[in-house]
Structures are given as structure tokens and as C-alpha cells.
Amino acid sequence: MFKTIRITREDRGLARLELARPAKHNALSAQMIAELTEAAQMLGADPQIRVVVLAAEGPSFCAGGDLGWMQEQMAADSATRRSAARALALMLKALNEIPKPLIGRVQGNAFGGGLGLISVCDIAFAAEEARFGLTEVRLGLIPATIAPYVLARIGAGQARRMFFSGQIFGAPEAVRLGLLAEALPARDLDTAVETEVERYLHCAPAAVAAAKRLCHRLGAQIDAAVIEQTVEDLVAVWDGDEAQAGLAAFFGKRPPPWQS
Ligand SMILES: C/C(=C\C(=O)SCCNC(=O)CCNC(=O)[C@H](O)C(C)(C)COP(=O)(O)OP(=O)(O)OC[C@H]1O[C@@H](n2cnc3c(N)ncnc32)[C@H](O)[C@@H]1OP(=O)(O)O)CC(=O)O
């Protein structure tokens, strides 16, 4: 039924939700955004599922928003753009609101929206050689719909540095920032995720769900108005000359005009 993601269920109450566009480094296309939204809602509502692992096939966890899809939005009318940006925002909201532990399993690159996906995980583990970054500003874009979740996860001070510089950093730094629970040798990643899964499967599901609600309520308020503002921010950036130039440079495999 899904083309860009895969879901595997285990009787013990575990679902593995896997990004499956490896040739495009799991970039978030319109179809993947729609499928992830549907999967998050479905797994969230399934009483048999008590823990969800978010993983990815191929060399990257996720290379962020699909830049071809973004280029299409730049040429579209404002209603189409707004609905595309809102789809991205609602996907993140749906993942964030899964009322059970969402555990990230990260390898390779997690850039832009990929780092956003990690930020909506409750806890994440990564291979030591994984790379992270909010690379949007290098492309003339901004981290928009992902911003509330990244800010909630690592705080404004650390986030500003990432937001403004697009700097790429390694897994030890991601642990220090609080994005990851642990960075491990790649061969130990599945064991670490499995140990974490078992911890949650030994707990009362309604109590775990209530604990997650509590964490959300006491953390940053990511309400409908905040989300809608990020949609407008993304729509506005798609209007800009820098985004046009940045994406043309990416697909032309050349540096953007501002790169020193
Ligand atoms: C969510 C919001 C914003 C964003 O997320 S903006 C996107 C931020 N992401 C990036 O800046 C990452 C861009 N990609 C890369 O830097 C590199 O591709 C890579 C992931 C480091 C991999 O490099 P490598 O050299 O190994 O491979 P290629 O570059 O040749 O890529 C292979 C293949 O995949 C395509 N691709 C990679 N990333 C994307 C992408 N993000 N979108 C679309 N396509 C992508 C690349 O074009 C190649 O395709 P071919 O057809 O094979 O040429 C906004 C918000 O917050 O709201």
C-alpha cells in the first residue's frame, strides 16, 4: 500500500516504520510526506502497537525536504504552495503526537527535515559516523516547519548556531546537544534500539502514553498558531531569489553564488 515507506509489525507490540527512498537519500517527497502522515496516524491509533521505531533504508537516514518538490512549489500558485508546506507541517505534527514512544535509528546523513524527524522522536540512537545539520540556509532556505521541534529539543541558544550557519556536525556533538541519546559503532546500533524497545514494552502502555502527554504539555507549546506561522514562513522563503539560486545550484552540482 505504501511506496516510499515500509511498516513491519511484530506481535510483541513493536512497529518499525522505515523510510524507503534510498536512491534519493530518503528525501521527503510529497508522497513520502503523505505516507508518513498516514502511517503515524494509523500506528498511533493501533492498540496493538506500543512502541514505534523510525528507521531508514540506505546510506542516509534522511536528506531533508525533497528539493525537486520544493522547486515545484516555487513555480506554483500560493494556494498550492501553502497546501504543500502545510502537508509537511502536519506530517511532523502527526509523528510528534504518536501517543507511544517513537525511537529513532539513525545512520548516514540527517540534514534539514531529517534532523526535524529526529527532533520528533522521543529518543534517538545513531551510528558514530552519522552527520547532522540544518543545511537549509546554505541553499537559500530556512528550517521552518521543523523549527518548533528542533527548538523544543535543543533550546534556542544551540539552535540559533545551527539555524544560521547550516554547519554539519557529527554524532558526538548531536549527543552533547541532546538530539541523540547515544552514538554507537554501527554494528551496535540495532542492539541499542532493541534494548530501548524492550524497556518500554515492559511498562504499562496507558501510563507511558500519559507520561508522553505530560512531557509535551510541560515542554514548549507547539500549538496550531505556531505551526501555521511556520507554514507561512516556508511559503515566504519559496518566494525568494536565494531559494531559486540555491536549488538551481544544488541540481546543477555547483556551489551557490554566496558560497565563499
Ligand atoms: C524541511 C525543510 C527543509 C529541508 O529539509 S531543505 C533540504 C536540506 N537537505 C540538504 O541540504 C541535503 C541535500 N543533499 C546533500 O547534501 C547530498 O545529496 C547528500 C545527502 C549529502 C548525499 O550526497 P552524495 O554525494 O552521496 O549523493 P548525491 O548528492 O549525488 O545524491 C544522490 C541523489 O539523491 C538526490 N538528493 C539528495 N538529497 C536530496 C534532497 N534533499 N532532495 C532531493 N533529492 C536529493 C540527489 O539529487 C541525487 O539524485 P540523482 O538523481 O541521483 O542525481 C523546510 C522546513 O523546515 O520547513
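Select the ligand first. In this predicted model, the ligand sits in the largest pocket. Next, colour the elements around the ligand. Those that give two or more residues to the shell are α2 (67-74) and β5 (109-111).

**The shell**

Now show every residue around the ligand. There are 28 of them. The closest are K24, G65, L67, T135 and T145. Colour the shell by residue type. You should find 15 nonpolar residues, eight polar ones and five charged ones.

**Contacts with the ligand**

Zoom in on K24. An N or O atom in the K24 side chain is 2.6 Å from an oxygen atom of the ligand.

Move to G65. Look at the backbone here, not the side chain. A backbone N or O atom of G65 lies 2.7 Å from a ligand oxygen atom.

Then pick A23. Again, look for a backbone N or O atom. In A23, such an atom lies 3.5 Å from an oxygen atom of the ligand.

How much of the ligand's accessible area does the protein cover? On its own, the ligand has 1,000 Å² of accessible area, and the protein covers 74% of that.

**The sheet**

Go back to β5, one of the elements in the ligand shell. Add β7 and β8 to the selection. These three strands form an open sheet, in the order β5-β7-β8. The pairing in this sheet is mixed.

Which strands are at the edges? They are β5 and β8 (169-170), and each pairs on one side only.

Now focus on β7, residues 131-133. Strands β7 and β8 pair in the antiparallel sense, over two bridges. To see a bridge, select F132 and F169. F169, in β8, is the bridge partner of F132.

Definitions and conventions: Residues numbered from 1 in each chain as written. Predicted model: local features only at pLDDT ≥ 70, side-chain atom pairs only at ≥ 80, totals over all residues. Heavy atoms only, no water. Near = heavy atom within 4 Å. Polar contact = N/O pair within 3.5 Å; in protein donor to acceptor, adjacent residues only side chain to side chain. Areas by Shrake-Rupley, 256 points an atom, 1.4 Å probe, with all protein chains shown as cover. 1 Å grid on protein atoms, 1.4 Å probe; cavity = no way out; pocket = protein on both sides within 12 Å on 5 of 7 lines; lining within 4 Å. Sits in = over half its atoms within 2 Å of the grid points. Helix = DSSP H or I, 4+ residues; strand = E, 2+ residues; numbered from the N terminus. Nonpolar A, V, L, I, M, F, W, Y, C, P; charged D, E, K, R; others polar. Pairing = 2+ DSSP bridges.
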